[in-house]
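Q: Could you take a close look at one part of this protein for me? I'd like to hear how a single helix is built and what its residues touch.

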Amino acid sequence: MTLTPLIATLIFVAASLSGYNYRRTWQREGPRWQLWMYGLIAAIGLLILGVVPMAEG
């Protein structure tokens with residue numbers, strides 16, 4: 001299994017937006033479930049980018 005550049009970019013954008021929303025929710029002392037949701041999305045996205053290789057080409 002490899003990631004195409006387009007899929008990797010989409011995962012990176014989703015992880016970045018989730019990280020931004022995590023920080024914004026944390027600063028505003030928002031609901032804990034939102035912190036968990038944004039944090040998990042960001043963590044899983046960055047973990048996938050760090051472990052799954054990119055397709056050559």
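A: Here is a walk along helix H1, with a quick look at the whole chain before and a stop at the loop after.

Keep in mind that this is a predicted model. The protein has 2 helices and 0 strands. H1 covers residues 5-27, and helix H2 covers 32-51. As for overall shape, the C-alpha atoms fill a box of roughly 45 × 15 × 10 Å along the principal axes. The radius of gyration is 13 Å, whereas a compact globule of 57 residues would come out near 10 Å. Of the 57 residues, 21% count as buried. The accessible surface adds up to about 4,600 Å², and carbon and sulfur atoms account for 68% of that.

Now for H1 itself, beginning with Thr-9, which sits in this helix. Thr-9 counts as partly exposed because its relative accessibility is 44%, between the 20% and 50% cut-offs. A polar atom of its side chain lies 2.8 Å from the backbone oxygen of Pro-5. Thr-9 also gives you a handy ruler across the fold: its C-alpha atom is 9.4 Å from that of Leu-49, although the two residues are 40 apart along the chain. That pair goes nicely with a number for the whole protein. Take the contacts between residues at least 6 apart in sequence, and 66% of them join residues at least 24 apart.

Next stop, Leu-17, another residue of H1. Its relative accessibility is 52%, so Leu-17 counts as exposed. Leu-17 belongs to a nonpolar surface patch of about 380 Å², along with Phe-12, Val-13 and Leu-46. H1 is the top contributor to this patch, giving 3 residues.

Carry on along H1 and you get to Asn-21. Asn-21 counts as buried because its relative accessibility is 18%, under the 20% cut-off. Its side chain makes a polar contact with the side chain of Arg-24, at 3.3 Å. The backbone of Asn-21 has a partner as well: the side chain of Thr-25 reaches the backbone oxygen of Asn-21 at 2.8 Å.

That brings us to Thr-25, still in H1. With a relative accessibility of 9%, Thr-25 is counted as buried too. What does Thr-25 touch once you leave aside its neighbours within four places in sequence? The list is Gly-30, Pro-31, Gln-34, Leu-35 and Tyr-38. Among these, Gln-34, Leu-35 and Tyr-38 fall within the 32-51 span of H2.

One last stop, just past the helix. Glu-29 is in the loop between H1 and H2. Its relative accessibility is 71%, so Glu-29 counts as exposed. The backbone is worth a look here: phi of Glu-29 is near 55 degrees, a positive value in a residue that isn't glycine. Most residues other than glycine have a negative phi.

To pull the walk together: Thr-9 is partly exposed and Leu-17 is exposed, while Asn-21 and Thr-25 are buried. Then comes the loop, where Glu-29 is exposed.

How values were computed. Residues numbered from 1 in each chain as written. Predicted model: local features only at pLDDT ≥ 70, side-chain atom pairs only at ≥ 80, totals over all residues. Heavy atoms only, no water. Helix = DSSP H or I, 4+ residues; strand = E, 2+ residues; numbered from the N terminus. Buried < 20%, exposed > 50% of the residue type's maximum accessible area, 1.4 Å probe, protein only. Polar contact = N/O pair within 3.5 Å; in protein donor to acceptor, adjacent residues only side chain to side chain. Patch = residues over 30% accessible without salt bridge, like charges linked within 9 Å, V, L, I, M, F, W, Y side chains within 5 Å. Areas by Shrake-Rupley, 256 points an atom, 1.4 Å probe, with all protein chains shown as cover. Salt bridge = Lys/Arg side-chain N within 4 Å of Asp/Glu carboxyl O. Rg over C-alpha atoms; globule rule 2.2 N^0.38 Å. Contact = heavy atoms within 4.5 Å.
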